[in-house]
Amino acid sequence: MRLLSTKATCNSHGQDSSYFLGWQEYEKNPYDEVHNPKGIIQMGLAENQLSFDLLESWLEKNPDVTAFKRDGKSIFRELALFQDYHGLPSFKKAMVDFMAEIRGNKVTFDPNHMVLTAGATSANETLMFCLAEQGDAFLLPTPYYPGFDRDLKWRTGAEIVPIQCTSSNNFQITEYALQQAYEEARKRNLRVKGVLVTNPSNPLGTTMSRGELNLLVDFIKENKNMHLISDEIYSGTVFSSPGFISIMEILKERNDDLKDSEVWNRVHVVYSLSKDLGLPGFRVGAIYSENDDVVAAATKMSSFGLVSSQTQYLLSALLGDKKFTKNYIAENQKRLKRRQKMLVSGLGKAGIGCLESNAGLFCWVDMRHLLHSNSFEAEMELWKKIVYQVGLNISPGSSCHCTEPGWFRVCFANMSEETLNLAMKRLKAFVVEYTAGNGSCTKNRISNGNSKRKSLTKWVFRLSSREHQHREEER
């Protein structure tokens, strides 16, 4: 008798992706400056650790908040008792004000149209449950965040059809690519329920242009039963021009053009505090929608992933401090810009370029010249060398469904400057030896067991073949 359900044992979770394998290998052999200086440096984790000191300073100056006090009196019991799934009004108000501030107050948000969720993962999955039947499809531009294969598909039964973007125009969405994806879905007898984008993009680290956003709005305007989901969890990380344009700003600009089309009711925003505030462990996400039916349905579904009352209380106080949020946003963006420049400079010294970026916690790095052939098998072989010989966990483009071999996502905000400099030193040494040897392997390998390495080699080639097969099917 089967012990687990088909849903629990199906392989659509995406856990066998090279994106997650790199994390597993890092966890087996994590770098530590003192205890494991030859370990693997984690550059596959999009965490923002650059401004913790600002948050810690605020907490030290506001001890009553962390002690769960209001006006000097304990509210522990109030927070410890049952709270309904609508969330604390004070926190929802603080969240929508913070979202507006990040967007330069060009748009405003109504807290009554916000649904709180346990992070953006929960928000995106909840929207899939609300908008799509099992077997319905959403179109996503490539490359996209590898976790979407899990978040959008695994439990909902929804499908992803890629909008194939290329380096020829810096991976921007074109009308042709959008239409091709739509036609591909129809060939597969999939009903397209909408488009989902990340803006700023993960993994590209770029903001979407006004032209791209208008293209998407026009697309769902013409297709009356489609939705547009804009995942804007990196909106506060934009550190240089061009600035961030929210999909809500586009709708506001085109209000006269759209008021009779109900497009407003079919556009939904996902947000969280994981990236902009660097608080992924707090599990705070949100859905914003002008559609009352979507808000009502998502609110009921949020019962399965609520934000604790204690977390809401603490963050409502922090986000309600306008002097703090103004300084934090500016300083955090300044630090991100400086750190991104460090990475770009280090890559350049190793003879490696990357896509010009203006946002996010990572760069989209071009290592096509290091491949021994223009294939995803070659990409996976290079990735294996970087993980095991160089000691860096980075994310291969194939895990992000990129159509071109040789691109990698490299994170820069989850480590110290010293660790980043060490990572670049390792990479430069590898490139020098690798190119001098015409692609031969370096000799100084990180010790992690020969048997593991041999099994990984077999695994990598099985994985690369499987991911290549998936891309061929998507085409």
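This is a guided tour of a predicted model, stop by stop, with a selection to make at each one.

**Confidence colouring**

Colour the protein chain by pLDDT before selecting anything. The chain has a mean pLDDT of 89, and 91% of its residues reach 70 or more. Now select residues 439–475, where the pLDDT is below 50. In the model this stretch still has 72 contacts beyond near neighbours in sequence. Where pLDDT is low, the predicted coordinates should not be read in detail. Hide the stretch if it is in the way.

**Loops around strand 2**

Select A67, in the loop between helix 4 (63–66) and strand 2. A67 has a relative accessibility of 38%, so it counts as partly exposed. Add L314 to the selection: its C-alpha is 9.5 Å from that of A67, although 247 residues separate the two in sequence.

Go on to D71, which sits in the loop between strand 2 (69–70) and strand 3 (73–74). Its phi is near 55°, a positive value in a residue other than glycine. Is D71 buried or exposed? The relative accessible area of D71 is 76%, and therefore D71 is exposed, the cut-off for that class being over 50%.

**Two cis peptide bonds**

Select T142 and P143. The peptide bond joining T142 and P143 is cis, with omega about -5°. P143 belongs to the loop between strand 5 (137–141) and helix 8 (148–151).

Then select N199 and P200. These residues are also joined by a cis peptide bond, here with omega about 0°. P200 is in the loop that runs between strand 7 (192–198) and helix 10 (210–222).

**Helix 9, helix 10 and the loop after helix 9**

Two packed helices are described by the angle between their axes and the distance between the axes. Select helix 9 (175–187) together with helix 10 (210–222). Their axes are 11 Å apart, and the packing angle is about 35°. The crossing of this pair is right-handed. Show side chains for E175, L178, Q179 and Y182 on helix 9, and for L215, L216 and F219 on helix 10; these residues make the contact. By class, the contact of helix 9 with helix 10 has five nonpolar residues, one polar and one charged.

Follow the chain out of helix 9 to N189, in the loop between helix 9 and strand 7. N189 has phi near 60°, a positive value in a residue other than glycine. With a relative accessible area of 72%, N189 is exposed.

**R254**

Select R254, in the loop between helix 11 (247–253) and helix 12 (255–258). Is R254 buried or exposed? R254 counts as buried because its relative accessibility is 14%, and the cut-off for buried is under 20%. Which residues does R254 touch, not counting those up to four places away in sequence? They are N214, V217 and D218.

**Helix 17 and its partners**

Select S416, in the loop between strand 15 (407–411) and helix 17. The relative accessibility of S416 is 31%, so S416 counts as partly exposed. A distance label from S416 to E27 gives 18 Å, C-alpha to C-alpha, for a pair 389 residues apart in sequence.

Next select helix 15 (residues 322–349) with helix 17; the axes come within 9 Å and cross at roughly 20°. That angle makes helix 15 roughly parallel to helix 17. The crossing is right-handed. On helix 15, display R338, R339, M342, L343, G346, L347 and K349; on helix 17, display E417, L420, N421, M424, L427 and K428, which they meet. This contact of helix 15 with helix 17 divides into six nonpolar, two polar and five charged residues.

Last, swap helix 15 for helix 16 (residues 376–390) and keep helix 17 (residues 417–436) on screen; the axes of helix 16 and helix 17 come within 11 Å and cross at roughly 125°. Helix 16 is therefore oblique to helix 17. Helix 16 passes helix 17 in a crossing that is right-handed. From helix 16, L382, K385, I386, Q389 and V390 meet R426, L427, F430 and Y434 of helix 17. Six nonpolar residues, one polar and two charged make up the contact of helix 16 with helix 17. L427 of helix 17 appears in the contact with helix 15 and in the contact with helix 16.

Technical notes:
Residues are numbered from 1 along each chain as its sequence is written. This is a predicted model: local features need pLDDT of at least 70, side-chain atom pairs count only at pLDDT 80 or more; totals for chains, interfaces and linings use all residues. Side-chain values use heavy atoms; hydrogens and water are left out. pLDDT is the predictor's confidence in each residue, from 0 to 100. Contact means heavy atoms within 4.5 Å. Helices (H or I, at least four residues) and strands (E, at least two) are DSSP runs, numbered from the N terminus. Buried means under 20% relative accessible area, exposed over 50%, partly exposed in between (1.4 Å probe, protein chains only). Axes are lines fitted to C-alpha atoms, for helices over the stretch in contact, and angles run from 0 to 180 degrees between N-to-C directions. Angles under 35 degrees count as roughly parallel, over 145 as roughly antiparallel, 65 to 115 as roughly perpendicular and the rest as oblique. A crossing is left-handed if the near helix is turned anticlockwise from the far one by less than a right angle, and right-handed if clockwise. Ala, Val, Leu, Ile, Met, Phe, Trp, Tyr, Cys and Pro count as nonpolar, Asp, Glu, Lys and Arg as charged, and the others, Gly among them, as polar.
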